[in-house]
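Welcome! Here is a short guided look at one protein model, written for someone meeting it for the first time.

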Amino acid sequence: MLAALWTVSAIAVLLSYLIPLVGPYPPWSRDGKLGEWFWVDQEGNFPTWWSGSVLVTAGVLHLAATWIARRTRARAVLAWAVLATLALMMSLDEVAQLHEYGNTRLGAAGATLFLSYPWLVFGIPLGVAAIAVVVVSAIRLPRVTRVLEVVAIGLFFLGAVGLEAVGDAVLSRGLGASVLEVVQHLEEGVEMLGSSLMVVAPLAALNVCVGDGRLAVVMRG
């Protein structure tokens with residue numbers, strides 16, 4: 001499953017980067033119909049749908065893990081519930097464009113704080129807080145899942161916040177649109193890698209048992 005998720009994510013990022021190179025004119029150009037539909041820095045298109053879908057899937061699978069842990073009286077029920085809530089909140093931000101809206105509102109209010117992406121003033125501490133929540137919650141999870149959860153959230157916010165900050169620096173120093181595009185595509189690609197790992201993490205904690213003609217799913221120890 002991880003290979004499939006990563007493959008689709010890589011294709012989405014590559015299409016976004018390569019389509020405008022086919023021809024600098026509509027519909028291939030960045031603001032043309034086709035280019036815009038695959039442009040990773042544009043909302044309401046294929047990359048947005050894919051990223052949101054992966055995060056929703058991660059949230060639903062964490063909710064399923066919460067239910068299984070509760071039914072089987074396994075430990076870490078609360079941890080699973082917290083991780084499910086976090087994944088669903090991340091999917092909401094991706095689909096509803098909450099941080100983009102905040103960025104626009106801060107810019108309109110003149111609160112740019114010398115940043116091209118002023119939302120980073122809130123995004124950086126929120127990212128650190130999210131990573132801390134995952135690290136604490138993952139302590140009680142099975143070892144492989146624990147590693148996957150921490151790496152997943154680390155990659156996601158490395159892209160969402162870390163590379164966004166790099167993009168801000170590129171803009172402030174006037175390094176050019178081509179450099180910014182590379183950073184933007186790296187940002188989305190790393191985010192998608194993190195999201196994909198969030199889908200796989202709860203699955204790694206489950207064990208399928210067959211006995212007496214019945215199929216049972218339990219948490220690994």
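Helices here are DSSP runs marked H or I with at least four residues, and they are numbered from the N terminus. With that naming, Gly162 can be placed in helix α7. Please keep in mind as you read that this is a predicted model.

## The whole chain

Let us begin with the overall plan. The protein chain has eight helices and two strands. Read from the N terminus on, its elements run α-α-α-α-α-α-α-α-β-β. Of the 221 residues in the protein chain, buried residues make up 42%. The chain exposes about 11,800 Å², and carbon and sulfur atoms supply 69% of that area. Contacts along the chain are also worth a look: among those between residues at least 6 apart in sequence, 62% join residues at least 24 apart.

## Inside: the nonpolar core

Which residues have the most contacts inside the largest nonpolar core? They are Trp80, Met90, Leu141, Phe157 and Met198, in a core of 43 residues. The elements that give two or more residues to this core are α1, α3, α4 (77–96), α6 (120–138), α7 (143–172) and α8.

## Outside: a nonpolar patch

Now turn to the surface, where Leu14, Tyr17, Leu18, Leu21, Val182 and Leu186 form a nonpolar patch. Together these residues have about 540 Å² of accessible area. Two elements, α1 (2–22) and α8 (177–204), give two or more residues each to the patch. Which of them gives the most? That is α1, with four residues.

Leu186, one of the patch residues, has its place in helix α8. Its relative accessible area is 48%, so Leu186 counts as partly exposed.

## Neighbours in helix α8

Following Leu186 in the numbering come two glutamates, Glu187 in helix α8 and Glu188 in helix α8 as well. Are they buried or exposed? Residues under 20% relative accessible area count as buried. Glu187 is therefore buried, at 9% relative accessibility, and Glu188 is buried too, at 10%.

Their contacts can be followed in the model, leaving out residues up to four places away in sequence. Glu187 touches Gly159, Ala160, Leu163 and Glu164. Glu188 touches Val13 and Val40.

## Two partly exposed residues and their distant partners

Leu15 belongs to helix α1. With 31% relative accessibility, Leu15 counts as partly exposed. Leaving aside neighbours within four places in sequence, Leu15 is in contact with Pro20 and Phe38. How far is Leu15 from Trp39 in space? The two are 8.0 Å apart, C-alpha to C-alpha, although 24 residues separate them in sequence.

Gly162, the α7 residue named at the start, is also partly exposed, at 30% relative accessibility. A separation of 8.1 Å lies between the C-alpha atoms of Gly162 and Ile124, which are 38 residues apart along the chain.

## Helix α3 and the loop after it

Helix α3 covers residues 46–71, which makes 26 residues. From its first C-alpha to its last, α3 reaches 37 Å, close to the 38 Å expected at 1.5 Å a residue.

Arg73 follows α3 and is found in the loop between α3 and α4. Its phi is near 55°, a positive value in a residue other than glycine. Ala76 lies in the loop between α3 and α4 too, and its phi is also positive, at about 70°, although Ala76 is not a glycine.

Where do these two loop residues stand in terms of cover? Arg73 is exposed, with a relative accessible area of 78%, whereas Ala76 is buried, with a relative accessible area of 8%.

## Accessibility at a glance

The table gathers the residues discussed one by one.

| Residue | Relative accessible area | Class |
|---|---|---|
| Leu15 | 31% | partly exposed |
| Arg73 | 78% | exposed |
| Ala76 | 8% | buried |
| Gly162 | 30% | partly exposed |
| Leu186 | 48% | partly exposed |
| Glu187 | 9% | buried |
| Glu188 | 10% | buried |

Terms used: Residues numbered from 1 in each chain as written. Predicted model: local features only at pLDDT ≥ 70, side-chain atom pairs only at ≥ 80, totals over all residues. Heavy atoms only, no water. Patch = residues over 30% accessible without salt bridge, like charges linked within 9 Å, V, L, I, M, F, W, Y side chains within 5 Å. Areas by Shrake-Rupley, 256 points an atom, 1.4 Å probe, with all protein chains shown as cover. Salt bridge = Lys/Arg side-chain N within 4 Å of Asp/Glu carboxyl O. Buried < 20%, exposed > 50% of the residue type's maximum accessible area, 1.4 Å probe, protein only. Expected span 1.5 Å × (residues − 1). Contact = heavy atoms within 4.5 Å. Core = buried A, V, L, I, M, F, W, Y, C linked by side-chain atoms within 4.5 Å.
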